[in-house]
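Here are some short exercises to work through with the model open beside you. Try each task before reading its solution.

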Amino acid sequence: MLSTAQRASRLFPRNVAAMISVRGFQQSATPSKIDAKTARGILSPVAKPEEIWAEYNGQPNSGDPTKRAFNYFILAGARFIGAASVRLIVLKCLAQMLPAADVKALASLEFDYSNLEEGKTVCVKWRGKPTFVRHRTDEEIAKENSVPVTELRDPQTDKERFSNQKYVVCLGVCTHLGCVPIANEGEFGGWFCPCHGSHYDTSGRIRLGPAPLNLEVPPHRFDGNLLII
């Protein structure tokens, strides 16, 4: 009859059977890695984290300990806010140096038109914009009054535009893209914008070209020999 040790030597390798006593299956100390290889994994121990990662501190990996991504995000945000703040301060300082809106609204221009000859056009500056003042002849007035309103892109009669038809007062800004048209030019003898070919008549109405509207008429009045815009 075989003893317990003899039966264990047949079932397990020699180094494993030597650790089992006759009195029972009492396991000795945990086998080393070499013993585990010899036993072909039968009693292979589970490796501890500190054996694999020397820097293991008992806590799960929480990412980059330097937190570089977070630091870069904070720095970029702070720089953006700083740049926006500086820009706002500069704009506020510049805005304080400019005239107020009520001052601009009250700004007016007085022009002595007594020396302006018939058929002539002058350009004055009103609120930073070029403004045309034209002394029309009787023939020009009659010609503009005879134009059918249905033929106009922006329908307006000459009398609707000017209370004193002898003098045309309009802004020298083309209604297409804001260019300054040339006076006494074009197919209708009024103004011509060479940038895109808009033609205006002597009443400042658009007659040909891409401009959608007539030349703007600013509010004005006559006081003796003075034109007040």
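**Exercise 1.** Which backbone nitrogen lies 2.9 Å from a polar atom of the side chain of Asn214?

Solution. Before starting, note that this is a predicted model, in which local features need pLDDT of at least 70 and side-chain atom pairs count only at pLDDT 80 or more, while totals for chains, interfaces and linings use all residues. Residues are numbered from 1 along each chain as its sequence is written, and side-chain values use heavy atoms, with hydrogens and water left out.

Step 1: find Asn214 in the loop between β8 and β9 (221-223); helices (H or I, at least four residues) and strands (E, at least two) are DSSP runs, numbered from the N terminus.
Step 2: look for the backbone nitrogen, which belongs to Ile206.
Step 3: the side chain of Asn214 also makes a polar contact with the side chain of Gln156, at 3.0 Å. Such a contact is a pair of N or O atoms within 3.5 Å; within protein, one must be able to donate a hydrogen and the other to accept it, and residues adjacent in sequence count only if both atoms are side-chain atoms.
Step 4: Asn214 counts as buried because its relative accessibility is 5%. The classes are buried under 20% relative accessible area, exposed over 50% and partly exposed in between (1.4 Å probe, protein chains only).

**Exercise 2.** Work out the strand order of the open sheet of four strands, and say which strands stand at its edges.

Solution. Step 1: trace the order β5-β6-β7-β8, with antiparallel pairing. Two strands pair if DSSP finds at least two bridges between them.
Step 2: β5 (182-183) and β8 (206-208) are the edge strands; each has a single partner strand, so one side of each lacks a neighbour in the sheet.
Step 3: turn to β6 (residues 189-193) and β7 (residues 198-201), which are joined by four bridges. Trp191 has Tyr200 of β7 as its bridge partner.

**Exercise 3.** Find out how many disulfides the structure holds, then check Cys170 and Cys179.

Solution. Step 1: the count is zero, where a disulfide is a pair of cysteine sulfur atoms within 2.5 Å.
Step 2: for Cys170, the nearest cysteine sulfur is that of Cys123, 9.6 Å away. Cys170 counts as buried, because its relative accessibility is 0%.
Step 3: for Cys179, the nearest cysteine sulfur belongs to Cys195, at 3.1 Å, and Cys179 is in no disulfide. Cys179 is buried too, with a relative accessible area of 18%.

**Exercise 4.** What is the sign of phi in Arg127 and in Asn184?

Solution. Step 1: recall that most residues other than glycine have a negative phi.
Step 2: Arg127 has a positive phi, near 55 degrees. Arg127 sits in the loop between β2 (121-126) and β3 (129-135), and is partly exposed at 45% relative accessible area.
Step 3: phi of Asn184 is positive as well, about 60 degrees. Asn184 belongs to the loop between β5 and β6 and counts as partly exposed, at 38% relative accessibility.

**Exercise 5.** Locate Asp223 and give the separation of its C-alpha atom from that of Asp112.

Solution. Step 1: Asp223 is in strand β9, partly exposed at 45% relative accessibility.
Step 2: the C-alpha atoms of Asp223 and Asp112 are separated by 9.7 Å, although the two residues are 111 residues apart along the chain.
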